[in-house]
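Please open the model in a viewer and follow the selections below in order. Each stop names what to select and then describes what is found there.

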Amino acid sequence: MARVEIRKLHKHYGDFHALRDLEITMEDGEFVVLVGPSGCGKSTLLRMIAGLEDVSDGEILIDGRVINEVDSKDRDIAMVFQNYALYPHMTVHDNMAFSMKLRRAPADQIRREVEAAAATLGLSDHLKRYPKQLSGGQRQRVAMGRAIVRKPKVFLFDEPLSNLDAKLRVKMRSEIRSLHRRLGNTMIYVTHDQVEALTMADRIVVMQGGVVEQIGSPLELYDRPANVFVAGFIGSPSMNILAGSITGSAFITQDGTAIPLPQNLPHAAGELLLGIRPEALVRCDPADPSAVAATLVSVEPTGAESHVSLTLGGEEIVAVIRERLADKPGTALSLKLLAAGAHLFDKATGARVPDNIQ
């Protein structure tokens, strides 16, 4: 187990500034997920921790030791890749044992470690098989087993579930979290999938354009996004964003629609953005003083709930409604906004309006 520290880290590729002044501390035994859109720098950061990319400026530390100039093989880390990176001519046993054989570990120790890892991952009956005889999920377990037998201080995962189907991704998410609980190692996991981040992480690092936008627990990021980018990136369906300003106790959109605001929402002057979680919009009686009128565009049933597209304030938004709708497109619906899913942001900066502003 180990504490990983990123201090004022920069990465340049010629004139391109890929990572900018990163400051992140990953505590001993923590499961940290790096998340963000393609090109945000998350995989570059992971590769720098692994020693596969050089540091342009700043420091990377493991257990207080600067590892900038330490060879990848000497960093006491293990990496699980998106494409499994298994040797097709080797059995499951030999793939998992490969790093130990390179270190010339005794044969008895190799056998014990491989069998223990295989038992942990449900691969005991597959040790004599070859990768081509395995499913995608089993191949990914072999890749994790190869990492486990190294007994590293830090596990690095680079989008390991991207090649799996949706049902198997859900299963593997659970298995990786269970593995973390059993082993207790520090794990750093890269994904572009915010659902993976929310369901797996102790803490999430949200990145965009080579900078860190926010660091926090999944619920901290969901309930109190630091800015519009985090608000829109974390959550599915994405947060609705409407532009306007506050007059009295209502948010006035750019087309003049008045949306009554929950009492505990902070107020601020000037041009603002109102963020509304789709599940924070609920149907109500048109006579309700908190009601606002919206027009139904389409309904996407998903089983237990429906994703409903509506026009409100001149913009198309999405609401998640648990009741089954028989209404047809063009129908007027009365909705009210729940306090837990409403957020205000400064339009100029995109930053969250602090709760203490009255």
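Contact here means heavy atoms within 4.5 Å. The model is a predicted one, in which local features need pLDDT of at least 70 and side-chain atom pairs count only at pLDDT 80 or more, while totals for chains, interfaces and linings use all residues. Residues are numbered from 1 along each chain as its sequence is written, and side-chain values use heavy atoms, with hydrogens and water left out.

Begin by colouring domain 1 (4-226) and domain 2 (237-346), into which the protein chain is divided; these bounds come from an automatic or database domain assignment. The C-alpha centres of domain 1 and domain 2 are 39 Å apart.

Next, select residues 4-234, where UniProt, in an unreviewed entry, places the feature "domain: ABC transporter"; such annotations may be inferred rather than shown by experiment. This span is 37% helix and 26% strand (DSSP runs: H or I of at least four residues for helices, E of at least two for strands). The end C-alpha atoms of residues 4-234 lie 24 Å apart.

Now turn to the interface. Which parts meet there, and how many residues does each contribute? Four residues of domain 1 are in contact with five residues of domain 2. About 370 Å² is buried between domain 1 and domain 2, with carbon and sulfur atoms giving 47%; buried area is the accessible area (1.4 Å probe) that two parts lose on being put together, summed over both. Select Tyr222, Asp223 and Pro225: in domain 1 they lose the most area to domain 2, together 92% of what that side buries.
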